[in-house]
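Reader: Could you walk me through this fold, please?
Author: Gladly, let's look at it together.

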Amino acid sequence: IKIYFNKNTKQIVVEGIDAEQVDVFSANGAIVNSTSEEAVNASGLTNGLYIVKAKKGNDNYFGKVMVE
């Protein structure tokens, strides 16, 4: 699984699994975005570090991304 920020499209992208839900959390743990898509629109997020949780079935995958 690969989780990264695409600067060109301003999206947080999840690759390698067919995620059922993707949640984005700020550094203080507050949820800032949630979607059933594998690409999350990050254009409204301020620059900084975010935790991404991708869920498929009973499995959860986590990653950190830097939004710039």
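Reader: What share of contacts between residues at least 6 apart in sequence join residues at least 24 apart?
Author: This is a predicted model, where local features need pLDDT of at least 70 and side-chain atom pairs pLDDT 80 or more, while totals for chains, interfaces and linings use all residues. Residues are numbered from 1 along each chain as its sequence is written, and side-chain values use heavy atoms, leaving out hydrogens and water. A contact means heavy atoms within 4.5 Å. Among the protein's contacts between residues at least 6 apart, the share joining residues at least 24 apart is 44%.

Reader: How many helices and strands are there?
Author: Both are DSSP runs numbered from the N terminus: helices are H or I with at least four residues, strands E with at least two. Along the sequence the pattern reads β-β-β-β-β-β-β. The count is zero helices and seven strands.

Reader: Which strand gives the most to the largest nonpolar core?
Author: Such a core is a set of buried (under 20% relative accessible area, 1.4 Å probe, protein chains only) Ala, Val, Leu, Ile, Met, Phe, Trp, Tyr and Cys residues joined through side-chain atoms within 4.5 Å. The largest one has 16 residues, and Val 52 is among those with the most contacts inside it. β1 (2-6), β2 (11-15), β3 (21-26), β6 (48-56) and β7 (59-67) each supply at least two of its residues. The top contributor, with three residues, is β6.

Reader: What percentage of the 68 residues is buried?
Author: The C-alpha atoms fill a box of roughly 30 × 25 × 15 Å along the principal axes. Of the 68 residues, the buried portion is 31%.

Key. Buried means under 20% relative accessible area, exposed over 50%, partly exposed in between (1.4 Å probe, protein chains only).
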